Amino acid sequence: IEVVMNQSDQLLRFLFRERDVRGEVVKVSASLDAMLAGHQYPQPVKKLLAELVAATSLLTATLKFEGQIAVQLQGDGPVRFIAVNGNHQQQFRGVARLQKEVQGDSFAELIGQGYLLVTITPTQGERYQGIIPLVNDSLTATLEAYFNQSEQLPTRLYLHTEIGAEHCQAAGLLLQVLPVDAEKSRADFADLEVLADTLTREELLQLAPEESLYRLFHQEVVELFPAQPVQFVCGCSREKSEAAIVSLGTEAIDEHIAEGKLDISCEYCNTLYHFDAAQLRLIKQNF
């Protein structure tokens, strides 16, 4: 599957030299369009998925090791399940599953009663899973609560999206305390939070990340690290589809051979993998 990105799809890490606070800012556009292409999600679902992409990118950037992260929202509302998977290379994919018609557009109206599940899988080391109830009719509040519970580090998130008929974009800003001097960290964080609260939706979405940071923190000494590209990468393949067919077992494969075909569609990118009877027989022979 083609990797899609452009100059607007990037994450920038930064550090306050004189403050015990770190941060990240992310913008996603072309890769978000690629992820949403072919999906007929209602507008509010597109918006929530776009927010979750930006949030997952910010969460992934807080990891201090190589690995993967899956951020899922599950509930009893119209959106039964919505998830974004990301990794340390800032490659992501996402999907939403609906169980009834979407009526409203608020977080609570979409998800209902439910919870946030974050699964972190390091390349080396043990898997970690955190789960918390959804908070305050807001994705940002829920994620901030997750940080406070899992890392016990005060964290602020700002997420904004623009969902158009042709193009979509999402942007996010994260501020997080560095666990150095507890009293100084709290004071530094409070000062910077006041400044970050003045950030407008238009500034975060339309300005280059460096310009957004300069507008907010021009009186601070800010160290910027090299930007990291953010990319939509599905990861599906014909080989993986063949492995999925093998896992069905011979009896199920025989049924599809009798039908003359088996089509497997990727739920992330909508790519369709077609297998005719002859191909299915060959897969069965190569068990």
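# A guided tour of the pockets, cores and rings

The lining of the second largest pocket comprises eight nonpolar, two polar and two charged residues. The model on display is a predicted one, and the tour starts at this pocket.

**Stop 1: the second largest pocket**

Select Leu59, Thr62, Leu63, Lys64, Phe65, Ile69, Ile120, Tyr128, Tyr146, Phe147, Ser150 and Glu151, which line the second largest pocket. The volume of this pocket is about 180 Å³. Next, colour H2 and helix H4 (139-150), each of which supplies at least two residues of the lining. H4 gives the most to this lining, with three residues.

**Stop 2: the largest pocket**

Move now to the largest pocket, with a volume of about 380 Å³. Its lining has 20 residues, and Gln68, Asn85, Arg93, Val233 and Cys234 are the closest of them to the pocket centre. Display strand S3 (67-75), strand S4 (79-87), strand S5 (91-98) and strand S6 (114-122); each strand supplies at least two residues of the lining of the largest pocket. Coloured by class, this lining shows eight nonpolar, nine polar and three charged residues.

**Stop 3: the largest cavity**

How many cavities of 30 Å³ or more does a search of the whole structure find? The search finds one. The largest cavity holds about 60 Å³ of space. To see its walls, select Val53, Thr56, Ser57, Thr60, Gly86, Asn87, Gln90, Gln91, Phe92 and Val230. H2, S4 and S5 each contribute at least two residues to this lining, and H2 provides the largest share, four residues. By class, the cavity lining divides into three nonpolar, seven polar and no charged residues.

Keep Gln90 selected, as one of the cavity-lining residues. Gln90 sits in the loop between S4 and S5 and counts as buried, at 4% relative accessibility. What is the sign of phi at Gln90? Phi of Gln90 is positive, near 60°, in a residue other than glycine. Most residues other than glycine have a negative phi.

**Stop 4: the aromatic rings**

Phe92, also in the cavity lining, leads to the next selection. Across the whole structure, a search finds five aromatic pairs. For Phe92 and Phe232, the ring centres are 6.1 Å apart and the planes stand at 50°, so this pair is tilted. Phe92 belongs to strand S5 and Phe232 to strand S12 (residues 231-232), so the pair ties together parts that are 140 residues apart in sequence. Are these two rings buried or exposed? Phe92 is buried, with a relative accessible area of 5%, and Phe232 is buried as well, at 3%.

Return next to Tyr146 and Phe147, both in the lining of the second largest pocket. Their ring centres lie 5.8 Å apart with planes at 65°, so the pair is edge-to-face. Tyr146 is buried, with a relative accessible area of 4%, and Phe147 is buried, with a relative accessible area of 1%.

To finish this stop, select Phe14, Phe16 and Phe217, which form one aromatic cluster.

**Stop 5: the nonpolar cores**

In soluble globular proteins, nonpolar side chains tend to be buried together. In this model, the largest nonpolar core has 66 residues, and Leu32, Leu73, Ile82, Ile111 and Leu116 are those with the most contacts inside it. Which helix gives the most to this core? Helix H2 (residues 43-62) does, with 11 residues.

Centre the view on Ile111 and show its surroundings. Leaving aside residues up to four places away in sequence, Ile111 touches Leu48, Leu73, Gln74, Gly75, Asp76, Gly77, Val79, Ile82 and Leu134. Among these contacts, Leu73 and Ile82 are also named with Ile111 as having the most contacts inside the core.

A second, separate core of 19 residues may then be located through Val21, Leu173, Phe189 and Ala196, which are among its members.

**Stop 6: a charged residue in H2**

The last selection is Glu51, found in helix H2, the helix that gives the most to the largest core. Glu51 is buried, with a relative accessible area of 13%; the cut-off for buried is under 20%. Show the neighbours of Glu51: Leu139, Leu159 and Thr161 touch this residue, not counting residues up to four places away in sequence.

Note on methods
Residues numbered from 1 in each chain as written. Predicted model: local features only at pLDDT ≥ 70, side-chain atom pairs only at ≥ 80, totals over all residues. Heavy atoms only, no water. Core = buried A, V, L, I, M, F, W, Y, C linked by side-chain atoms within 4.5 Å. Buried < 20%, exposed > 50% of the residue type's maximum accessible area, 1.4 Å probe, protein only. Contact = heavy atoms within 4.5 Å. 1 Å grid on protein atoms, 1.4 Å probe; cavity = no way out; pocket = protein on both sides within 12 Å on 5 of 7 lines; lining within 4 Å. Points joined across faces, edges and corners; volume = space filled by probe spheres on them. Nonpolar A, V, L, I, M, F, W, Y, C, P; charged D, E, K, R; others polar. Phe/Tyr/Trp six-rings, centres within 6.5 Å; stacked < 30°, edge-to-face > 60°.
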